[in-house]
Structures are given as C-alpha cells and as structure tokens.
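Trainee: Got a minute to go through a model with me? I'd like to know what to trust before I get into the details.
Mentor: Sure, put it up and ask away.

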Amino acid sequence: MDNKNTLTKTGKKGDYDVFTFAPGGIKNVSGVDILRGDAVSTDLTSEVSDPQAVSYSTIKIGRRTYQYASWGDDDQLPFRLVSLLRRNMVTAQCMQVNTLCTYSQGVIFAERESGKRTDDPDIREFCIRNNLHELYLHQATDMQHFSIVFTLLQLSRDGSKIVNIHHREACYCRLEKAGKDGVIRHVIYGNWRDGQPTDPKIYELLNMRNPLGDLLVRMGKVADPATGEKRKPTSTRCFCVVSRMPTPCYQYYPVPYYAAMFCDDWYDIYRAISVGKLAMIRNTSAPRVQIEIHRDYFQSVFMEEGIIDLEEQRKRKEELEDDIINYVCGAENAGKGLVTHYFIDPNGKENRMVRIINLNEGTRKEGGDWADDMCEASNALCFCMGVHPNLVGATPGKSQMNNSGSDKRELFTLKQVMLTPFREVMAMPYHIIMHYNGWSDKYTVQVPIIQLTTLDKNKDAETVEPNQQQQ
C-alpha cells in the first residue's frame, strides 16, 4: 500500500520510547480530486455559462456550405452538462428520477371517447415497428438533460403515410442559422464532441411554429398560405421535428433551469466535502494510539533468538514493528492478542516491554465529520433538480425528514404531474403522425401516469389516464 502506516518515534517516557502512527505516502490533496486525479474546480461558473451572444460557425457538407449556431460559447455545452451531472451521484440520480417520471408509463395511442389503448391493427403495427417505448425514453432523457428533442419522421415512398419515427441525440445535433425570415431550415447531425464532425448528415427541418402545416404544404396536400396554391410534392421523405421547452432568452438552444447549480456554490461544496472527507480517511485513518516500547525490548529479543548480525537485527526489528501495527490496525486480526515480555523490578513493580494505549477512549465516535454539511449540500442539489430528497434517498435516516408512506406517494404523484408540460411538448411529433396518417378522428396520444395506492386496495399501483389536451 502506498500509504502504509509506520511507527514514528515521538518522544521518551522514562525507560520507554514513545511511538505514534504516521501514514506513509501522505499527499497534499488540497484542490485535487483523488478519485480521478484531476484538479477540483473551484469555479464552475466558467464551465457552464449562459452564452451572452449566439455565435455561428460554418461547415461544408457536399458542395454546399452551411452556417450553424454553436451550442454554448465553445460548442461543447451539452457534453459539459452531461459530464458535470455524472460527476455527482446526487445530480445523476435526480436526473434519472426526472427522466423516469417524465416517461411515466410511456406514450400510447388511445381512443378519444373512452381513453382506452387502441386495438387498431395499423397503429399497433406502427408502434411495434418503431419500438415506441424505447424511443420515448430516449426523448425523455434528452428533454430532461437539454430541454430540447430532435425527432425524425420518415414517410413512405409515395408520401402518403409516416411509417417510421427516429430519435436523434440532441447533443449531436446543431441548428442551422435562421434565414432573414427567422425560419431555421436544417438540422446538422454528427459527432461534435471533438469539434466539427467529419461525416455530418443534414435533415430538412419542419417549421418549428407549425410543423404539421409545413409538412402538408411540402407534400402538396394543402395550399401554401403564401401563394394560395398547392406546391408540387417534394421528393424528400425524411423530415426533422424539434420539440423545445421554453426558457428565458433562448434563441436556438434552451438552457435547462438546473444549470443554475453550476453557477452556484453548492455543487462545488458537495464535491469539496467528498474530496476532503476521502483525504481525511486515507491520510488520518490510523487509530489514535500511543505505543510505548521499553528501551531494552529489542535487545532482549535479539539475545533470546541469538541474532548478532546488525542487518539481521534490523530486519527482525521491522518484523516486530509490523506485528504491533497489524495488531492495532488489522481488521482481520480482531480478537487476537499481542504477546509481550515483562519483568518485575526490585520494588515489585511490573514493567511491560510494550504498552499500547488507546487515545480514543471516552471520546466521541468518529466518522461523522461534515455529515450535516453533506446533507445540506445534497438537499440544495435536490432542490435545484426539482426532486424531493426522499424520492432519491439523498438524506437517509430517521431524523432526516423521512416522510410517511402517504407523503411519499403524494410526492411521487406530484412529481409526475409537474412534468406534464414536458410530456405535452414531447407528444407533438406523435400528434403530427396521427393527423398526417388520418388516425386523429378516432384516436389521440396519451402518457398515462402511475399512481401508488394504499395497501387496503390490494394492489401496489394503478394507471391514471391524464386529462391531456386533445389535438
């Protein structure tokens, strides 16, 4: 072990040499994250800042050059958000709770009158072919992380139906610069993690204010409002739809509300506490004991064992010291005893050759350092993520505001209800499919929520059909 404890002489007490434990290999961990070996940021504001102005870059795809809006000052904001969320177990778990509560029971196509799941064979085949459950979970993940979702709608060869729906990861999508009329016409998809992608793909973007109307005009199904005449149907069969949650001052990419915690100090406080506590455990974990070794102890062992060579005496002394260290520190040696010699002086007093004195006796139990601060920091992060600490177990224990079962059921239901706007915005591509494919007269889109029940109902949970806006 790099930080193996050693015996260090700290003084004398009569005929005894006094030793204490000193961890070897102590490192200065101030400002260093020992789990990853990199510097702990003391100012994350610079890492996740609201872009003061939209910056544009150019990229060449085929023979054409496009201008696109950078996502953040260095076009790396989505990757930085994900990285910061994953570096903290509280924020990571809160994000998972938000994502799962947004998903709830997944998107379904239901009858308008009864609200029951449809048995229409065409719709059922569409759902199976597109694996809607996994697709919707992908969308919920991007919506919670970035407040924006990119969805591809693929039409049949004759353009009469939408046959496939695909998800494109938001962090790998960039919006083209809007034209003079304020309309964004393309989405560029590629791996932007290390700069501009080498093989990007470009998709035509349906009008973000009226995607269904734009699709119908492009396919020549309705008249163009600008000319009053129907267009010749386009040959394009794949279009992108963007679903965005409104946030203040955004122009292209919304900045999620939770990003405020990276501009606050609580995120840094939580990390500083965890790093400091780990450093304390690693570097000061030796038991607080005082060891007194009689000055004649080692010589008596050498005489007993007939060790004359100086090098052999040195090795034997190290072995004896290791025995003492293992006796005090080794968990596997719990319950074992250390046999040491003693003698009786002429006054009849017993003199032990080795004495171990526990300095912790009568003191408080260790290990609770910064426990209250850790709970406070966890609660602050949960507050920013919009998740009650009891839903994620951020502050376990009987004295940590753990509510009753009824309160927790209400918290779970309340959380799902609060996420209704997210689900409504995410449902927009599915409403387009319903209307374009001619299913909207009888069917609509719903996301049932889960409501936990009490034990007297003889079931753990039940489905609640939401009173969602019919489109």
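**Confidence first**

Mentor: Start with residues 25-47, where pLDDT stays under 50 and the model has 39 contacts beyond four places in sequence. This is a predicted model, and where pLDDT is low, the predicted coordinates should not be read in detail.
Trainee: Where else does pLDDT stay under 50?
Mentor: Over residues 333-339, with seven contacts beyond four places in sequence.
Trainee: And what does the protein chain average?
Mentor: A pLDDT of 80, with 74% of the residues scoring at least 70.
Trainee: OK, the overall make-up then. How many helices and strands does the protein chain have?
Mentor: There are 13 helices and 18 strands. The chain runs to 471 residues, and 42% of them count as buried. If you take contacts with a separation of 6 or more, 63% are between residues 24 or more positions apart.
Trainee: Let's do the six-stranded sheet. What is its strand order?
Mentor: It goes 7-6-11-10-9-8, as an open sheet with mixed pairing. Strand 7 (162-168) and strand 8 (173-175) are the edges, each pairing on one side only. On average, neighbouring strands are turned by 35 degrees against each other, ignoring direction.
Trainee: Which helices pack on it?
Mentor: Helix 4, residues 132-146, touches strand 6 (148-155), strand 7 and strand 11 (238-244). The direction of helix 4 makes about 40 degrees with that of strand 7. Helix 5, residues 211-218, also packs on the sheet, touching strands 6, 7, 10 and 11, and its direction makes about 100 degrees with that of strand 10.
Trainee: In what sense do strand 9 and strand 10 pair?
Mentor: Antiparallel, over four bridges, with strand 9 covering residues 186-189 and strand 10 covering 201-205. In that pairing I188 stands opposite I202 of strand 10.
Trainee: Back to helix 4 for a second. Is Q144 buried or exposed?
Mentor: Q144, which sits in helix 4, is buried: its relative accessibility is 7%, and the cut-off for buried is under 20%.
Trainee: What does the Q144 side chain make a polar contact with?
Mentor: The side chain of T102, at 2.9 Å. Leaving out residues up to four places away in sequence, Q144 touches M95, N98, T99, T102, Y258, L419 and F422.
Trainee: New topic: helix 7. Which of its residues are buried?
Mentor: In helix 7 (residues 297-305) they are Y297, F298, V301 and F302. They span an arc of only 135 degrees around the axis, which puts them on the same side of helix 7.
Trainee: Why would that spacing put residues on one side?
Mentor: An α-helix has 3.6 residues a turn, so residues three or four places apart point the same way.
Trainee: What does the face turned away from the buried side of helix 7 carry?
Mentor: The exposed residues M303 and E304. Just after helix 7 comes G306, with a positive phi of about 70 degrees.
Trainee: Last one, the hairpin of strand 3 and strand 4. How many residues lie between them?
Mentor: Two, and G62 in that turn has a positive phi of about 70 degrees. Strand 3 (residues 56-61) and strand 4 (residues 64-69) pair antiparallel over six bridges, and K60 has T65 of strand 4 as its bridge partner.

Technical notes. Residues are numbered from 1 along each chain as its sequence is written. Side-chain values use heavy atoms; hydrogens and water are left out. Two strands pair if DSSP finds at least two bridges between them. Axes are lines fitted to C-alpha atoms, for helices over the stretch in contact, and angles run from 0 to 180 degrees between N-to-C directions. Contact means heavy atoms within 4.5 Å. pLDDT is the predictor's confidence in each residue, from 0 to 100. Buried means under 20% relative accessible area, exposed over 50%, partly exposed in between (1.4 Å probe, protein chains only). The arc is that of the directions from the helix axis to the C-beta atoms. A polar contact is a pair of N or O atoms within 3.5 Å; within protein, one must be able to donate a hydrogen and the other to accept it, and residues adjacent in sequence count only if both atoms are side-chain atoms.
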